[in-house]
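Welcome! Take a moment to look over the sequence and the model, and then let us walk through a few places together.

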Amino acid sequence: MSSGLGGKVAIVTGAGSGIGLECAVALAREGACVACADLDGVAAERAAARLDGDSIGIQVDVTRDDDCARLVEETTSRLGGLDVLVTSAGIFHATPFDRITAEEWDRIQAVNLKGTFLTCQAALRVMVPNGRGRIVTIASLGGQTGGLAAGASYAASKAGVVALTKSIARYAGPHGVIVNTVNPGVIATPMTAAWPPEVAERVIAQTPLARMGTADEVAAVVCMLASDAASFVHGAHVDVNGGLLMD
Ligand code: NAP
């Protein structure tokens with residue numbers, strides 16, 4: 001079965017690194033043209049240069065509504081439309097509960113939760129009038145468990161992403177836009193490379209597949225959800241966690 005992604009235009013936030021980068025690579029491999037968006041403009045350009053075709057890099061701070069609007073405007077004007085949005089931009093903290101500051105709390109909600117809201121809202125301003133589109137948000141196992149390694153600020157932001165994604169699915173589904181979320185478990189990326197080794201070892205020991213996942217294993221599922229194969233999967237969360245949590 002063809003993925004149906006050939007010739008489509010996709011935005012991937014957080015495309016400068018890790019899971020977002022592999023999502024951009026996977027979508028481009030299926031023939032999509034990708035706007036690689038990242039806080040780090042150089043990393044965004046570098047990601048786009050790795051892809052075949054006319055993909056572009058755009059510097060964006062997903063916490064800013066004007067940046068998210070510009071991302072969508074620039075993508076539609078330079079690439080000719082918008083069919084797929086993947087929201088992978090995110091930050092992580094493992095701060096113990098009693099030491100989380102109000103600043104950390106606000107920043108992590110701003111990037112992970114508000115950033116997802118703003119990018120989805122900007123994309124839907126194009127997708128809804130078009131009567132079609134795909135959105136895949138990236139939440140986390142941490143949002144399901146309260147955090148096996150993550151702190152409360154991160155876990156709460158990602159639980160929020162799951163609820164937000166369901167709300168968007170209820171709003172956008174009648175307009176032909178299919179919306180789902182992916183919950184990665186522990187994935188080897190620059191984000192987890194900063195963990196103390198004993199934390200990674202403890203979580204791997206609880207994982208039936210006995211290893212960390214890879215960013216391309218998450219990207220494969222994201223790509224499937226953006227493809228024609230998932231035409232009746234909507235408002236779902238798909239876990240990519242090696243069996244660490246089965247629900
Ligand atoms: P990563 O390698 O650190 O990639 C995250 C990317 O998001 C970075 O390029 C980062 O740019 C960018 N970013 C951060 N703040 C941004 C902002 N305000 N605006 C635009 N871009 C911003 O981490 P990853 O592991 O690939 O994580 C990707 C997503 O998966 C995140 O949402 C994360 O929470 C989620 N996730 C990861 C895991 C895991 O085990 N790795 C598990 C569950 C969920 P800078 O580098 O310039 O800050």
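## Around the ligand

In this predicted model, a polar backbone atom of Ile19 sits 2.7 Å from an oxygen atom of the ligand. Asp38 also takes part, with a polar side-chain atom 2.6 Å from a ligand oxygen atom. At Ser88, a backbone N or O atom is found 3.2 Å from an oxygen atom of the ligand.

How many residues surround the ligand? There are 29, and the closest are Ser17, Ile19, Asp38, Tyr154 and Thr189.

## Helices H1 and H9

Ile19 brings us to helix H1, which covers residues 18–29. Its partner here is helix H9, residues 215–226. The two axes come within 8 Å of each other and cross at roughly 50 degrees, which means that H1 is oblique to H9. The crossing of this pair is right-handed.

On the H1 side, the contact is made by Gly18, Ile19, Glu22, Cys23, Ala26 and Leu27. H9 contributes Ala215, Asp216, Val218, Ala219, Val222, Cys223 and Ala226. Sorted by class, the residues of the contact between H1 and H9 are 10 nonpolar, 1 polar and 2 charged. Ile19 thus appears in this helix contact and among the residues closest to the ligand.

## Helices H4 and H6

Next come helix H4 (residues 102–130) and helix H6 (residues 152–172). Their axes are 9 Å apart, and the helices pack at an angle of about 15 degrees, so H4 is roughly parallel to H6. H4 passes H6 in a right-handed crossing.

Which residues of H4 meet H6? Among them are Trp105, Ile108, Leu113, Phe117, Cys120, Leu124 and Val128. From H6, the residues they meet include Tyr154, Val161, Leu164, Ile168 and Tyr171. The residues of the contact of H4 with H6 divide into 15 nonpolar, 6 polar and 2 charged. Tyr154 of H6 is a name you have already seen, as one of the residues closest to the ligand.

## Helices H3 and H4

H4 has another contact to explore, with helix H3 (residues 65–79). Here the axes come within 9 Å and cross at roughly 40 degrees. The crossing of H3 and H4 is right-handed.

From H3, the contact is made by Asp65, Cys68, Ala69, Val72 and Thr76. H4 answers with Leu118, Thr119, Ala122, Ala123 and Val126. By class, the contact of H3 with H4 has 7 nonpolar, 2 polar and 1 charged residues.

Methods:
Residues numbered from 1 in each chain as written. Predicted model: local features only at pLDDT ≥ 70, side-chain atom pairs only at ≥ 80, totals over all residues. Heavy atoms only, no water. Axes fitted to C-alpha atoms, helices over the stretch in contact; angles between N-to-C directions. Helix = DSSP H or I, 4+ residues; strand = E, 2+ residues; numbered from the N terminus. Parallel < 35°, antiparallel > 145°, perpendicular 65-115°, else oblique. Left-handed = near helix turned anticlockwise from the far one by under 90°. Contact = heavy atoms within 4.5 Å. Nonpolar A, V, L, I, M, F, W, Y, C, P; charged D, E, K, R; others polar. Near = heavy atom within 4 Å. Polar contact = N/O pair within 3.5 Å; in protein donor to acceptor, adjacent residues only side chain to side chain.
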